[in-house]
Amino acid sequence: MDPMKAQQLAAELEVEMMADMYNRMTNACHRKCVPPHYKEAELSKGEAVCLDRCVAKYLDLHERLGRKLTELSVQDEEMMRKAATGTA
Amino acid sequence: MGIAFCVSPFYITCPSEAVGGLAIQYRSLSLPVWTHKKSLTTMAAQVTEADQMKQFREFLGTYNRLTENCFMDCVKDFTTREVKPEETSCSESCLQKYLKMTQRISMRFQEYHIQQNEALAAKAGLLGQPR
């Protein structure tokens with residue numbers, strides 16, 4: 001696959017991933033911060049602040065886990081390579 | 001009824017007539033920074049039909065999720081077919097709250113990405129400087 005196309009594909013996949021993450025984050029923060037009482041239509045101060053923190057935490061966690069995942073998969077690859085050269 | 005619904009955080013403009021002709025002017029959200037990557041590759045300044053379709057699809061998704069959510073939280077009485085007035089008012093509050101919530105989340109999300117981009121740009125700027 002030529003590099004231009006690969007880059008374009010990567011960009012598209014990233015956009016898709018972001019959209020999915022956004023939806024999941026919205027759902028999660030909704031469950032965590034907005035109790036299902038709905039006595040009034042406005043967001044209370046507590047709920048608003050909770051949402052701000054929730055978004056920050058979610059994005060932080062997302063980044064951390066992404067890095068850890070990459071680490072682990074690199075390690076995995078190394079191990080497999082060693083195993084392959086070992087048995088060769 | 002002919003007003004356009006834009007709830008999605010992913011698009012710059014809200015088309016004045018949504019595909020299919022649905023309706024409530026709810027101009028709430030603007031484009032998060034990272035989606036510029038995609039628009040740069042297309043190099044198009046105007047909203048294409050594909051974009052409109054995407055936006056409308058997004059809207060329908062939100063509509064569905066919102067309905068399910070408010071139903072689960074507000075409707076508790078199944079001894080009757082009628083929707084009780086408490087359930088109606090609860091679901092109206094639920095709708096308002098949900099939309100406000102998504103607005104706020106979208107705002108914070110964008111802020112975060114703007115920060116990230118600035119940090120990256122600053123880093124790139126520092127690296128690019130001649131010694």
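Visitor: Are A:E47 and B:K97 buried or exposed?

Guide: First, the yardstick: buried means under 20% relative accessible area, exposed means over 50%, and partly exposed lies in between (1.4 Å probe, protein chains only). Here A:E47 is buried, and B:K97 is buried too. Keep in mind that this is a predicted model, where local features need pLDDT of at least 70, side-chain atom pairs count only at pLDDT 80 or more, and totals for chains, interfaces and linings use all residues. Residues are numbered from 1 along each chain as its sequence is written, chains are lettered from A and ligands numbered from 1 in the order in which they are written, and side-chain values use heavy atoms, with hydrogens and water left out.

Visitor: What do the side chains of A:E47 and B:K97 form where they meet?

Guide: They form a salt bridge, at 3.3 Å from N to O. The term stands for a side-chain nitrogen of Lys or Arg within 4 Å of a carboxyl oxygen of Asp or Glu. This one runs between chains, from helix α2 of chain A, home of A:E47, to helix α3 of chain B, home of B:K97. Helices (H or I, at least four residues) and strands (E, at least two) are DSSP runs, numbered from the N terminus.

Visitor: How many salt bridges does the structure hold over all chains?

Guide: There are 13 over all chains. Another one pairs A:E42 with B:K100, whose closest N and O atoms are 3.1 Å apart. That pair also crosses between chains, with A:E42 in the loop between α1 and α2 of chain A and B:K100 in helix α3 of chain B. A:E42 has 45% relative accessibility, so it counts as partly exposed. B:K100 is partly exposed as well, at 23%.

Visitor: Which residue meets B:R108 in a salt bridge of 3.0 Å?

Guide: That's B:E111, with the 3.0 Å taken from N to O. The two sit three residues apart in helix α3 of chain B, which means about one helical turn separates them. B:E111 is partly exposed, because its relative accessibility is 38%. Salt bridges with shared partners link A:D52, B:R104, B:R108 and B:E111 into one network.

Visitor: Let's move to the nonpolar side. How many residues are in the largest nonpolar core?

Guide: Such a core is a set of buried Ala, Val, Leu, Ile, Met, Phe, Trp, Tyr and Cys residues joined through side-chain atoms within 4.5 Å. The largest one has 23 residues, and those with the most contacts inside it are A:M25, A:L51, A:L59, B:M101, B:I105 and B:F109. At least two residues come from each of α1 (3–33) and α2 (45–87) of chain A and α2 (49–74) and α3 (85–128) of chain B. Seven residues, the largest share, come from α3(B).

Visitor: What is B:I105 in contact with?

Guide: Contact means heavy atoms within 4.5 Å. Setting aside neighbours within four places in sequence, B:I105 touches A:Y22, A:M25, A:T26, A:C29, A:L51 and A:V55.

Visitor: At what angle do the axes of α1(A) and α3(B) cross?

Guide: Two packed helices are described by the angle between their axes and the distance between the axes. Axes are lines fitted to C-alpha atoms, for helices over the stretch in contact, and angles run from 0 to 180 degrees between N-to-C directions. Here the axes come within 11 Å and cross at roughly 130°. Under 35 degrees is roughly parallel, over 145 roughly antiparallel, 65 to 115 roughly perpendicular, and the rest oblique. α1(A) and α3(B) are therefore oblique to each other. Residues making the contact include A:M18 and A:H30 of α1(A), and B:Y98 and B:H113 of α3(B).

Visitor: What is the phi of A:Y38?

Guide: Most residues other than glycine have a negative phi. A:Y38 has a positive one of about 55°, although it is not a glycine. You'll find A:Y38 in the loop between α1 and α2 of chain A, and it counts as buried because its relative accessibility is 4%.

Visitor: Which residue of helix α2 of chain B is in contact with A:Y38?

Guide: Look at B:N69, which is found in that helix. Leaving aside neighbours within four places in sequence, B:N69 is in contact with A:H30, A:R31, A:Y38, B:C94 and B:Y98. B:N69 is buried, with a relative accessible area of 7%.
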